[in-house]
Amino acid sequence: MATVELTFSALPAHVRTARLVATAIARRTGVEESLLDEVRLAVGEACSRAVEAHRAHCPGEPIRIELKDDSGRFEVTVSDQAPSDEIKQEQPLDLGALSDSFMSGFGIAVIAGLADDVEVFPSPKGMRIRMSWPAPTNARLV
């Protein structure tokens, strides 16, 4: 299992760079060509949401992306550090039980429609969105 980590400041221009890096790494891990647009769009949506949250709450803090190949999956985790007073502890959200307003407000519905598997972990110290797509086990992240 290989991992690439990327951090960037909360500027909209860096979202494009994150999308390009994620797409290039997905291609190298063996994600099917037909899924690369979905990877690019989902990562862009998650990073845009994180940039928006950071610009409102903690503009000086970096956004973190982790990309890895793991047991036949290409996995991307986008983590922000925007605080939330509404959430007391980190726990995964049930995407099926979320209201439409929550889903559309954060673009999570778009991400869920693009990624093969999605988990969202809100916490008082930020949010992590983990997305994954199938990738052959014989391809390696280099």
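**A walk outward from Phe74**

Phe74 is buried, with a relative accessible area of 0%. This is a predicted model, and every value here is computed from it. Phe74 sits in strand E3, and it makes a good starting point for a tour.

Look at what surrounds it. Leaving out residues up to four places away in sequence, Phe74 touches Ala22, Ile25, Ala26, Thr29, Val31, Val39, Leu67, Lys68, Met131, Ser132, Trp133 and Ala135. Sequence distance is no guide here: Phe74 and Pro134 are 60 residues apart along the chain, yet their C-alpha atoms are 6.2 Å apart.

Next, the core. The largest nonpolar core has 34 residues, and Phe74, Val76, Val78 and Met131 touch the most other members. Which elements give two or more residues to this core? They are helices H1 (13-29), H2 (36-57) and H4 (108-114), together with strands E2 (63-70), E3 (73-79), E4 (117-123) and E5 (126-134). H2 gives the most, with eight residues.

Now step back to the whole chain. It has four helices and five strands. Read from the N terminus, the order is β-α-α-β-β-α-α-β-β. The chain has 142 residues, and 44% of them count as buried. Its accessible surface comes to about 7500 Å². Carbon and sulfur atoms account for 50% of that surface. Contacts reach far along the sequence. Take the contacts between residues at least 6 apart: 70% of them join residues at least 24 apart.

Two of the core's helices also pack against each other. H1 and H2 have axes 8 Å apart and pack at an angle of about 145 degrees. The crossing of H1 over H2 is right-handed. Which residues meet there? From H1 come Val15, Ala18, Arg19, Ala22, Thr23, Ala26 and Arg27. From H2 come Leu36, Val39, Arg40, Val43, Gly44, Cys47, Ser48 and Val51. By class, this contact has nine nonpolar, three polar and three charged residues. Some of these names have come up before: Ala22, Ala26 and Val39 are among the residues that Phe74 touches.

Follow the chain back to the loop that leads into H1. Pro12 lies there, between strand E1 (3-8) and H1. Its neighbours within four places aside, Pro12 is in contact with Val51 and Arg55. Val51 is also one of the H2 residues that meet H1. The C-alpha atoms of Pro12 and Glu52 are 8.3 Å apart, although 40 residues separate the two in sequence.

The loop between H2 and E2 holds Gly60. Is Gly60 buried or exposed? Gly60 is exposed, because its relative accessible area is 72% and the cut-off for exposed is over 50%. Even so, it has a distant partner in sequence: Gly60 and Ala10 are 50 residues apart along the chain, and 7.5 Å separates their C-alpha atoms.

Ser123 gives the opposite case. Its place is in strand E4. With a relative accessible area of 11%, Ser123 is buried, since buried means under 20%. Phe74, at 0%, falls under that cut-off too. Between Ser123 and Ala82 the C-alpha distance is 9.3 Å, with their places 41 residues apart in sequence.

The tour ends back at the core. Strand E4, which holds Ser123, is one of the elements that give two or more residues to it. So is strand E3, the place of Phe74.

Technical notes
Residues numbered from 1 in each chain as written. Predicted model: local features only at pLDDT ≥ 70, side-chain atom pairs only at ≥ 80, totals over all residues. Heavy atoms only, no water. Core = buried A, V, L, I, M, F, W, Y, C linked by side-chain atoms within 4.5 Å. Buried < 20%, exposed > 50% of the residue type's maximum accessible area, 1.4 Å probe, protein only. Contact = heavy atoms within 4.5 Å. Areas by Shrake-Rupley, 256 points an atom, 1.4 Å probe, with all protein chains shown as cover. Axes fitted to C-alpha atoms, helices over the stretch in contact; angles between N-to-C directions. Left-handed = near helix turned anticlockwise from the far one by under 90°. Nonpolar A, V, L, I, M, F, W, Y, C, P; charged D, E, K, R; others polar.
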